[in-house]
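Reader: I would like to learn how to read a helical model step by step. Could you take me through some features, giving the general idea before each case?

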Amino acid sequence: MKFVWESRLDTGVLEIDEQHQQIVALIGLMADLQKKPLDFGELQKLFDSLNVYAHDHFACERIMVFQAGLSETSLWFNHQGAHEYYMKRIADFRDDIDRRDERALVQIGAFLKYWWVQHICHEDMLLVEVLKEKKLHDEAVAASLIPDERVRDQS
Ligand SMILES: [Fe+2]
Ligand SMILES: [Fe+2]
């Protein structure tokens with residue numbers, strides 16, 4: 001399962017893109033490992049790194065949403081649901097790895113690649129678009145307040 005960064009995964013938000021790139025790189029390393037005689041210890045280490053990294057990345061997106069004041073929107077409820085679904089699937093896969101189930105590895109690889117591409121290209125792109133719109137809106141509101149302040153200060 002080859003998995004490398006592609007420009008279609010770029011959201012345009014540097015912090016998010018760098019984290020996604022790191023996640024893609026870790027999944028790529030897991031795939032490379034499967035080409036050699038399998039080292040389950042190394043696989044577990046990479047899988048755990050990926051999970052910690054994904055968890056932190058989801059937290060980062062959550063902070064951005066909360067800071068934008070969008071935490072009570074259906075957009076965020078759905079998005080958070082997708083993150084929770086991912087973490088549940090990953091917990092099951094961790095059990096497969098602990099059981100050293102080699103057959104499950106193909107499934108795990110396919111799931112990781114499919115889920116991240118779908119999530120980044122659809123849900124994260126939408127999230128970033130809404131965050132950008134909200135930022136522009138907030139800036140416009142802030143800018144429109146400046147003349148009012150000036151008038152008030154002069155009176
Ligand atoms: Fe993301
Ligand atoms: Fe996300």
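The dialogue below goes through helix packing, the core, burial and backbone angles.

Author: Please keep in mind throughout that this is a predicted model.

Reader: Let us begin with packing: how do α2 and α3 cross, and within what distance do their axes come?

Author: In general, two packed helices are described by the angle between their axes and the distance between the axes. Here the axes of α2 and helix α3, which covers residues 74-98, come within 11 Å and cross at roughly 170 degrees. Because an angle over 145 degrees counts as roughly antiparallel, α2 is roughly antiparallel to α3.

Reader: Which residues in α2 and α3 meet?

Author: From α2 come F40, L43, Q44, F47, N51, F58 and V65, and these meet W76, H83, I90, R94 and I97 in α3. By character, the residues of this contact divide into 8 nonpolar, 3 polar and 1 charged. When you look at such a list, it helps to remember that an α-helix has 3.6 residues a turn, so residues three or four places apart point the same way.

Reader: How far do α2 and α3 reach from the first C-alpha to the last?

Author: With 28 residues, α2 reaches 40 Å, close to the 40 Å expected at 1.5 Å a residue, while α3, with 25 residues, reaches 36 Å and is likewise close to its expected 36 Å.

Reader: Which elements give two or more residues to the largest nonpolar core?

Author: That core has 13 residues, of which I23, V24, L26, I27, M30, L46 and I108 touch the most other members. The elements giving two or more residues to this core are α1 (14-33), α2 (40-67) and α4 (102-154), and α1 gives the most, with 5 residues. To follow one member outward, take I23, which, leaving aside its neighbours within four places in sequence, is in contact with L50, Y53, A54, H57 and W116.

Reader: Which residues of α2 are buried, and is D56 buried or exposed?

Author: The buried residues of α2 are L46, F47, A54, E61 and V65. D56, also found in helix α2, counts as exposed because it has 11 C-beta neighbours inside 10 Å, and the cut-off for exposed is 12 or fewer. Even so, the C-alpha atoms of D56 and Q19, 37 residues apart along the chain, are separated by 9.2 Å. N51 is found in α2 as well, and it counts as partly exposed because it has 17 C-beta neighbours inside 10 Å. The C-alpha atoms of N51 and L26 are 9.9 Å apart in space, although these residues are 25 apart in sequence.

Reader: What does L33 touch, not counting residues up to four places away in sequence?

Author: L33, found in helix α1, touches D39, E42, L43 and L46 on that count. The C-alpha atoms of L33 and L43, 10 residues apart along the chain, are separated by 7.1 Å. L33 is partly exposed, because it has 18 other C-beta atoms within 10 Å.

Reader: Finally, which residues take a positive phi just after α2 and just after α3?

Author: As background, most residues other than glycine have a negative phi. Just after α2, G69 takes a positive phi of about 75 degrees. Just after α3 there is R100, which has a positive phi of about 55 degrees although it is not a glycine. R100 is found in the loop between α3 and α4 and counts as exposed because it has 12 C-beta neighbours inside 10 Å.

Definitions and conventions. Residues are numbered from 1 along each chain as its sequence is written. Chains are lettered from A and ligands numbered from 1 in the order in which they are written. This is a predicted model: local features need pLDDT of at least 70, side-chain atom pairs count only at pLDDT 80 or more; totals for chains, interfaces and linings use all residues. A nonpolar core is a set of buried Ala, Val, Leu, Ile, Met, Phe, Trp, Tyr and Cys residues joined through C-beta atoms within 7 Å. A residue is buried if 20 or more other C-beta atoms lie within 10 Å of its own, exposed if 12 or fewer, and partly exposed in between; C-beta atoms are placed from the backbone. Helices (H or I, at least four residues) and strands (E, at least two) are DSSP runs, numbered from the N terminus. Two residues are in contact if their C-beta atoms, placed from the backbone, lie within 7 Å. Axes are lines fitted to C-alpha atoms, for helices over the stretch in contact, and angles run from 0 to 180 degrees between N-to-C directions. Angles under 35 degrees count as roughly parallel, over 145 as roughly antiparallel, 65 to 115 as roughly perpendicular and the rest as oblique. Ala, Val, Leu, Ile, Met, Phe, Trp, Tyr, Cys and Pro count as nonpolar, Asp, Glu, Lys and Arg as charged, and the others, Gly among them, as polar. The expected span of a helix is 1.5 Å times one less than its number of residues.
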